[in-house]
Amino acid sequence: MEKRFQKEALLFLYCLLTAAVMITLCSRSSPLYPFNDWNDTNCFFTVGKAMMNGRVVYRDIYEQKGVLLYFLYGLGWLLSHRSFLGAWVLECLCFAAFLRTAALTAEKRGVLRSFCLVMPALAAILCSSYAFFLGGSAEEIALPFLYPALHVFLTTEDGCLPAPRKIVLLGAMAGCVLWIKFTLLGLYVGYVLFIALLLILRRDFAALGKAAGFFLLGVGLATLPWLLYFGANSALGDWIGVYFLDNMSHYSSDIVQDYGRLYFLRENMSHAILWNGRTSLLIAAGALAVLCGHRKWGFKAGFLLMYLLAVILPFIGGTAFDYYGYAYAPLAVPGALAAARLLESGLARLRLKIGGWARASALLLCLCLVAGAGLFARRHSINSFYADYRREDMWYSRFAEEITAAADQSLLNYGSLDMGLYTLTGYVPQTRFFCHLNLNLPELEEEMDAYVRERQTAFLVMKIEPPEWLLAYYEPVDAAESINQFEGISSRYYLLRRRA
């Protein structure tokens, strides 16, 4: 038992080291970067902070992602109030948990030794992909909750039906994904449909009922804390109304209306595949290995169903962004397992025994592989250039200093997504709508204009030229032009103060 514990601890530390190196090099939330200026990440942090300060999500502060995502970012805020240090720790832990579960799959398939050699390359490919984007996306945080569906599917031999405790666990993981971003549920929807069809074809309706009950029990366990949270705050209607109804009725693009949903899906899925070529090749290699393997046709059919829904569902909502492609990250693991299997056969021919100096050499080799993969990730990450900038030289630092020097530090981010000043100033928004969102929601525009006319906050920050009507209520005090997210792309930012 002691040796087993030491092995587990060493393996987790290896996964954590690999995750920490890749996330630190590739995510703008890490201490290597001046600040994560991605709007989405700042939105999540602001809502999580508000949640930890007593404001009820959806009712008191409006954003359309899942409540679990905000809660996790709120935990990050507890660690560091005015930086993304806590978010960086969250990213490292989530990615480490994903790698550890992938390693567990490799162990069940008998290729753990070689998978440990392949793991740094898998991590580097995923974290340096274009879809990883600036770091901290909902897709990234959901990754350790997404992969268990594939893990259980790949490691279940007895008719593809897991044991009851595993079904409960899958339900709980699906529930967590549900309350992060429900369009990421493709792997679970595929698995549930496959098991249901399998049991129906067998006419085993008793087993179907039991499996459904165990799965729903797991979903219920993951949902219960939020039922209690929203119920205690009389906000169940706000929860369902914003997260489901608003997302389904107001979150779509003109492309869908003009060309149809099938055209939208085809164009955006092909974009995600082509722009993340290394990940796509790994996914294709893994799919080919599974389909050409020795498993039964039923297993292969279930595998294809899971993959198909995992690829389609992230884009089904009618809007697409570059980071949506990171929803495909779990699908890269079978490709890494196939590579590990080939490597394992080579190691078996060499008849290497891991012990004594050989164990130390293997450890040194793993560390060298992590370092080499880190260099690869740094070279190919779209964020690498941003590490050369100093935080004190950036527009947001100057604006934050001007706001925090004032007696009244109340702030409204007007006309655009959260640009990060709520994070840097530490201010908790007191208005329900705290920034513009990617929703076609007339109520949002009307409410934010009303905040301005009522001069509810001492400061406004904007990324658009202040309109004439607004200048009757607020006066410009600073302006800056600076890079925005990518090198060579600049935007002009404005800071305005309430007129006396």
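Angles under 35 degrees between helix axes count as roughly parallel. The close-up views described below are taken from a predicted model.

**Figure 1. Helix 1 and helix 5 in contact**. Helix 1 covers residues 2-26 and helix 5 covers residues 112-127. Their axes cross at roughly 20° and come within 9 Å; helix 1 and helix 5 are therefore roughly parallel to each other. The crossing of helix 1 past helix 5 is right-handed. From helix 1, the contact is formed by Lys7, Leu11, Tyr14, Cys15, Thr18, Met22, Ile23 and Cys26. Helix 5 contributes Leu112, Cys116, Met119, Pro120, Ala123, Ala124 and Cys127. Sorted by class, the residues of this contact comprise 13 nonpolar, one polar and one charged.

**Figure 2. Packing of helix 4 with helix 6**. The view shows helix 4 (residues 85-108) and helix 6 (residues 138-155), whose axes lie 8 Å apart at an angle of about 10°. The two helices are therefore roughly parallel to each other. On the helix 4 side, the contact consists of Leu90, Glu91, Cys94, Phe95, Ala97, Phe98, Thr101, Ala102, Leu104, Thr105 and Lys108. On the helix 6 side are Glu140, Ile141, Leu143, Pro144, Tyr147, His151, Leu154 and Thr155. Twelve nonpolar, four polar and three charged residues make up the contact of helix 4 with helix 6. Phe95, one of the helix 4 residues in this contact, is also among the residues with the most contacts inside the largest nonpolar core.

**Figure 3. Helix 13 against helix 14**. Helix 13 spans residues 277-291 and helix 14 spans residues 297-312. Their axes are 10 Å apart, and the packing angle is about 160°, which means that helix 13 is roughly antiparallel to helix 14. The crossing of this pair is left-handed. Ile283, Ala287, Val290 and Leu291 of helix 13 meet Phe299, Lys300, Phe303, Leu304 and Tyr307 of helix 14. The contact of helix 13 with helix 14 has eight nonpolar residues, one charged residue and no polar residues.

**Figure 4. Serine 280 in helix 13 and glutamate 267 in helix 12**. Serine 280 belongs to helix 13 and is buried, its relative accessible area being 17%. When residues up to four places away in sequence are not counted, serine 280 touches Ala272 and Ile273. Glutamate 267 lies in helix 12, which covers residues 261-275. With a relative accessible area of 35%, glutamate 267 is partly exposed. A separation of 26 Å is found between the C-alpha atoms of glutamate 267 and leucine 291, which are 24 residues apart along the chain. Leucine 291 is one of the helix 13 residues in the contact with helix 14.

**Figure 5. The loop between helix 9 and helix 10, with alanine 235 and serine 234**. Helix 9 (205-232) and helix 10 (236-250) flank the loop that holds alanine 235. Alanine 235 has 0% relative accessibility and counts as buried. Setting aside residues up to four places away in sequence, alanine 235 touches Val56, Arg59 and Phe230. The C-alpha atoms of alanine 235 and valine 57 are separated by 8.6 Å, while the two residues are 178 residues apart along the chain. Serine 234 is placed in the loop between helix 9 and helix 10 and, at 65% relative accessibility, counts as exposed. Although serine 234 is not a glycine, its phi is positive, at about 50°.

**Figure 6. Arginine 203 in the loop between helix 8 and helix 9**. Helix 8 (186-201) lies on one side of this loop and helix 9 on the other. Arginine 203 counts as exposed, at 68% relative accessibility. The phi of arginine 203 is near 60°, a positive value in a residue other than glycine.

**Figure 7. Leucine 421 in the largest nonpolar core**. This core has 174 residues. Phe95, Phe115 and Leu421 are the residues with the most contacts inside the core. With residues up to four places away in sequence left out of the count, leucine 421 touches Trp395, Tyr396, Phe399, Ala400, Ile403, Leu411, Gly426 and Val461.

Definitions and conventions. Residues are numbered from 1 along each chain as its sequence is written. This is a predicted model: local features need pLDDT of at least 70, side-chain atom pairs count only at pLDDT 80 or more; totals for chains, interfaces and linings use all residues. Side-chain values use heavy atoms; hydrogens and water are left out. Axes are lines fitted to C-alpha atoms, for helices over the stretch in contact, and angles run from 0 to 180 degrees between N-to-C directions. Angles under 35 degrees count as roughly parallel, over 145 as roughly antiparallel, 65 to 115 as roughly perpendicular and the rest as oblique. A crossing is left-handed if the near helix is turned anticlockwise from the far one by less than a right angle, and right-handed if clockwise. Contact means heavy atoms within 4.5 Å. Ala, Val, Leu, Ile, Met, Phe, Trp, Tyr, Cys and Pro count as nonpolar, Asp, Glu, Lys and Arg as charged, and the others, Gly among them, as polar. Buried means under 20% relative accessible area, exposed over 50%, partly exposed in between (1.4 Å probe, protein chains only). A nonpolar core is a set of buried Ala, Val, Leu, Ile, Met, Phe, Trp, Tyr and Cys residues joined through side-chain atoms within 4.5 Å.
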